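Hi,

Here is the structure I promised to pass on. Have a look at it first, and then read my notes below.

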Amino acid sequence: MSPEAIGGWMLVALLATIFAGFPIAFTLIILGIVFGYMGFGDTVFHLMVFQFFATMKEQTLAQVPLFVFMGLLLERAGLMERLFYVTQMILARVHGSLYLSAMFVATLFGAASGIVGASVTLLGIMAAKAMDKSRYDVRMSAGIITAGGTLGILIPPSVMLVVMGPVVGIPVTDLYAGALMPGLMLAGLYATYALVRCYLKPSLGPALHEDQHAESKTLLFVEFLKGMVPITVLLMASLGTILTGVATPTEGAALGAVGAFILTVVYRKMTRALLNHAVVKTLEVSCMILFLVAASNFFGGVFSRLGTPEVVSQALLSLELPKMMILAIIMIVIFLLAWPLEWVPIVLIFVPIVLPMVRQLGFDITWFAILVAINLQTAWLSPPVALSAYFLKGVAPQWQLSDIYKGMMQFMVLQIIGLALVMAFPQIALWLPGVLYTK
Amino acid sequence: MELQSGKLVRVIRAIDAISDWSGRIFAWLIIPLIIVMTWEICVRYLAHPTQWAYDLSYMLYGALFMLGAAYTLYRGAHIRTDFLYQKWPVKVQAMVDATCYLLLFFPGIVIFLWIGSEFAWNSYVRSERSVGSSWMPVIYPLKAVLPIATAMLLLQGIAEFLKCIHALRTGSWLGEHKSMEEIISEDLVSEVPPPKGPGS
């Protein structure tokens, strides 16, 4: 059997075992050993320790635990609740004001934290009651909360982009800069959609009740500043220092972690129990991502050494389909894969398979990576597998799951429109990296 | 039979406790990681960069996630594709898991432990140094993380395999499996009931 064919069988074996529900990392290790040994003998053992050790020395990945730690502390600092409360007061007279303030807080939180899961829960706790009280439309409310909550995976800093960087061979700073505009564009798209619908049909988001209006404008302004200043400083310290090159991404992540720690102390939320919780949870979340990264690097190392990705890409290229059509097909496959799989294995296993082909077609890799990121965020909004629906249902049990689904789906359509826009106008993603880092 | 079952549970609980404690200890590596990186950026702008911050940062991060592997396995948190799995009855789940541990987990991790030990031992014997920076630290402690982490992983794997046997006998799980996002948000909402998984 030729090495390329061995690689093909390796992929088939992976697909067969992945659905048995066994932890993917361990499956990757044994498949790498077995098929690597068949392909090139003893060398596979050295490749294994080498790839694991190389992952341990990949210093930019240290951002993963740092951003997770930062996010876990910020969730508890009470910062978001404050901001949500103030913006909702400011916008009280606007139709759909709660949608706007939820979106605003979600975007800021996305930029301040690198993880996604908790945002939906947090927004749900904060906003769902207020939305019910003001008789907001359940579907739109659920859609805004799930869509806003999952924006964090796209808006930098994002753990997904940190993991994607080494896979596609692009500095994570470029990916951060590339993801910023598409992320903000999507936030804008969500907010505009909600506002337009409220304008056409005011009953979807009535103005707030009198007792939710502010008493004094000055007081409100002071409160707003009190909420905005700390988060702005935090954003400057982490994302700001990274994008401007003042700090390396890992240093910026550490500054963010320090900032989140200080904020938690200042807001008097820091306890021994919280610190313990954040530290141990950071280990768990980082390890579940990074151990799989290491195992995938080994698997991918064997796979590309067998030469299979090249053969696959040659075969697909020989079909001579139009460039954009191939890209569209890749995007559809990722969208479908994101149904049963989490983003980690897709980024680590599927993306490297198609990467040689994307390179040969001459696509900009930064742009491609951003498209993948937007695409994977869509999976958070596609029922019935999207976990965000269950998180929201968990904290807003009065809402029907079917209503949550219908709300999410509206925003999934917006998301696909956003993806198509970035595909049609690469400048949305490439403008900022171009300005910041002229090559 | 009863007695045997009690023994089984005792062994499982003992190994679980070891992994639990290992996680609670190694997790604190995040704190020096934060301090080292923050220190580096402060002194770089105030004086001159340190020679050791870069090396220390990848050592701390690399040790952190590898040494946490056993704890993560104990917590049932390694990423898995469970949309089919969670619909199966417990005994089928246990049967599939037990098979996977025997065919996939143990062979791979045992080989890993073997090769990793050699890798670290060779580095120690040659007192190999890292050449990535001017500090040039000895690298064997970091390489030793590989066999230590895989040994702990192997131990927890035995406990997980025993849990499968227990589940096959009794029809119920001792531990539970969670997805990444469930784990991130599970403790966030103490005042409301936990989110229900798709299968439940």
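Chain B has seven helices and zero strands, so read from the N terminus its elements simply go α-α-α-α-α-α-α. By helices and strands I mean DSSP runs numbered from the N terminus: H or I over at least four residues for a helix, E over at least two for a strand. Before you go further, please note that this is a predicted model, where local features need pLDDT of at least 70 and side-chain atom pairs count only at pLDDT 80 or more, while totals for chains, interfaces and linings use all residues. Residues are numbered from 1 along each chain as its sequence is written, chains are lettered from A and ligands numbered from 1 in the order in which they are written, and side-chain values use heavy atoms, with hydrogens and water left out.

Some totals for chain B. Of its 200 residues, 50% count as buried; buried means under 20% relative accessible area, exposed means over 50%, and partly exposed is in between, with a 1.4 Å probe and protein chains only. The accessible surface of chain B is about 9,600 Å², and 67% of that belongs to carbon and sulfur atoms. Those areas come from the Shrake-Rupley method with a 1.4 Å probe, and for residues only the protein chains shown count as cover. Among contacts in chain B with a separation of 6 or more, 76% are between residues 24 or more positions apart. A contact here is a pair with heavy atoms within 4.5 Å.

One residue to click on is B:His78, in the loop between helix H4 (69–74) and helix H5 (90–125) of chain B. Is B:His78 buried or exposed? It is buried, because its relative accessible area is 3%. Leaving out residues up to four places away in sequence, B:His78 touches A:Pro23, A:Phe26, A:Cys287, A:Met288 and A:Phe291 of chain A, as well as B:Ala69, B:Thr72 and B:Leu73. A polar atom of the B:His78 side chain also lies 3.0 Å from the backbone oxygen of B:Ala69.

Next, some backbone oddities. Most residues other than glycine have a negative phi, and most peptide bonds are trans. Two residues in the loop between H5 and H6 of chain B go the other way on phi: B:Ser127 has a positive value of about 35°, and B:Met136 has one of about 50°. Both sit in that loop, B:Ser127 and B:Met136. B:Ser127 is partly exposed at 44% relative accessible area, and B:Met136 is partly exposed at 34%. Over in chain A, a cis peptide bond joins A:Pro156 and A:Pro157, with omega about -10°. A:Pro157 is in the loop between helix H8 (138–150) and H9.

Now for the second largest pocket, which has a volume of about 510 Å³. Of the 26 residues lining it, A:Val167, A:Asn297, A:Gly300, A:Gly301 and A:Pro352 are the closest to its centre. The elements of chain A that give two or more residues to the lining are helix H3 (43–56), helix H9 (159–168), helix H13 (272–305), helix H14 (308–317) and helix H16 (343–360). Which element gives the most? H13(A) does, with eight residues. The lining divides into 16 nonpolar, seven polar and three charged residues; Ala, Val, Leu, Ile, Met, Phe, Trp, Tyr, Cys and Pro count as nonpolar, Asp, Glu, Lys and Arg as charged, and the others, Gly among them, as polar. As for the terms, on a 1 Å grid over the protein atoms alone a pocket is an open set of points with protein on both sides within 12 Å along at least five of seven lines, where a 1.4 Å probe fits, and lining residues have an atom within 4 Å of a point. Grid points are joined across faces, edges and corners, and the volume is the space filled by probe spheres set on the points.

Last, two buried residues in chain A. A:Ser313 is in helix H14 and counts as buried at 1% relative accessibility; beyond four places in sequence, A:Ser313 touches A:Pro356, A:Met357 and A:Gln360. A:Ala253, in helix H12 (residues 249–266), is buried at 0%, and its contacts outside four places in sequence are A:Gln63, A:Leu66, A:Phe67 and A:Ile242.

Cheers

Methods. A polar contact is a pair of N or O atoms within 3.5 Å; within protein, one must be able to donate a hydrogen and the other to accept it, and residues adjacent in sequence count only if both atoms are side-chain atoms.
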